[in-house]
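User: Please show me the structure, and explain how each label is earned. I would like to see the value beside the rule every time.

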Amino acid sequence: MATKITESTLEMHYHKALMDALKGCYGVGPKGQFSFYKYSPQKEKFIGFDQAYVRTEVDDYVFYNDIKKIASGTATSKKYAGFFLQFKVVDVRIKKSKSVPLAVSSTPPFYAVKLSTNRDADDNLSQHELLRNIRASSPQAIVYYVCPMVFEKLDLYVDEPNLELLRMVDVESSQSDFSDNKLHHIFFKDMLSQPVWCSEPRDGIALTIKELIGRIRELDITPQQHAALLLLVIENQMNLAKFDDKEDPLRATLKILSESLYVISYGE
């Protein structure tokens, strides 16, 4: 049986090229500082890599207190920006189906992305609801499904990942939380088309990586605004999530957000 591509495989394949593409958004020159961070639920801290890919670790409470200071207007040497990018696997479909709009499936192949719309046993938000909630928190929130048009593992064995194969689907364009406990997808008629959200067919919005970078530049968010947005997202989720008495609310919240949360630190 063929080994399938996974979301984590795609994320690791693209992350360096993606972070390199984002550098220009923040005016980071050749001598500037730029680090990429992901939260590790196992270590309960942020794991980061600088431009030379030297590994560093930042305690979760140190990070939280840093963004609180920046959000309050306190001058610091650190600047942070946060993005919510959820990688998804794109499947090639050949057969037509009643559940797929004819406008999508009329000329196969077409392309499907399965969404995660089920809540957990404690009734915490599904992945899709969580991303929708984050996007609703601020018009400045960068929240996208990243859908690489890559279908075989052999296509990942390249020196330079092709960012032009990424379709960045705006979570807001779904206009639905899909909280009906049914299976939902994003469909693409072809690799360059705009997405269609199902089961209620609705046209969506997908950007190329160049268009996404253009949107980030247009937003022109200050370090204080970035920190305030990260703080808002974390504290909103902390208030929404259900934790048991033994859990640390901040760490449990960061664990929930960790799959899609990207943090960069930048400066001169």
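Analyst: Relative accessible area sorts residues into three classes: buried is under 20%, exposed is over 50%, and partly exposed lies in between, using a 1.4 Å probe and protein chains only. This is a predicted model, in which local features need pLDDT of at least 70 and side-chain atom pairs count only at pLDDT 80 or more, while totals for chains, interfaces and linings use all residues. Residues are numbered from 1 along each chain as its sequence is written, and side-chain values use heavy atoms, leaving out hydrogens and water.

User: Why is R55 called partly exposed?

Analyst: R55 has a relative accessibility of 46%, so it belongs to the partly exposed class. The value for E57 is 40%, and therefore E57 is partly exposed as well.

User: What makes the contact between E57 and R55 a salt bridge?

Analyst: The rule asks for a side-chain nitrogen of Lys or Arg within 4 Å of a carboxyl oxygen of Asp or Glu. The N to O distance between R55 and E57 is 3.8 Å, and the pair therefore satisfies that rule. R55 and E57 also belong to a network of salt bridges with K43 and K45.

User: How many salt bridges does a search of the whole structure find?

Analyst: The search finds 14 of them. One of these joins E11 and K38, whose side chains meet at 3.1 Å, N to O. E11 is in helix α1 (residues 7-23) and K38 is in strand β1, so this pair ties together parts that are 27 residues apart in sequence. Both E11 and K38 are buried. Helices here are DSSP runs of H or I with at least four residues, and strands are runs of E with at least two, numbered from the N terminus.

User: How do you know that K16 and D20 are separated by about one helical turn?

Analyst: The two residues are four apart in helix α1, and that spacing is why the separation is about one turn. K16 and D20 also form a salt bridge, with the closest N and O atoms 3.0 Å apart. K16 is partly exposed because its relative accessibility is 39%, and D20 is partly exposed at 34%.

User: How many disulfides are counted?

Analyst: The count is zero. C147 is in no disulfide, as the nearest cysteine sulfur, that of C198, is 14 Å away. A disulfide requires two cysteine sulfur atoms within 2.5 Å, and the 14 Å between C198 and C147 is therefore too far for a bond.

User: Why does C147 count as buried?

Analyst: Its relative accessibility is 0%, so C147 counts as buried. C198 is buried too, because its value is 2%.

User: What makes the backbone at E44 and D220 worth a remark?

Analyst: Most residues other than glycine have a negative phi, and most peptide bonds are trans. E44 is not a glycine, yet its phi is positive, at about 55 degrees; E44 sits in the loop between β1 (33-40) and β2 (45-49). D220 is not a glycine either, and its phi is about 50 degrees; D220 is in the loop between α5 (209-219) and α6. With 34% relative accessibility, E44 is partly exposed, whereas D220, at 60%, is exposed.

User: Which peptide bond is cis?

Analyst: The bond joining P108 and P109 is cis, with omega about 5 degrees. P109 is placed in the loop between α3 (102-105) and β6 (110-114).

User: Why is D245 called exposed?

Analyst: D245 has a relative accessible area of 83%, so it is exposed. Its place is the loop between α6 (223-240) and α7 (249-257).
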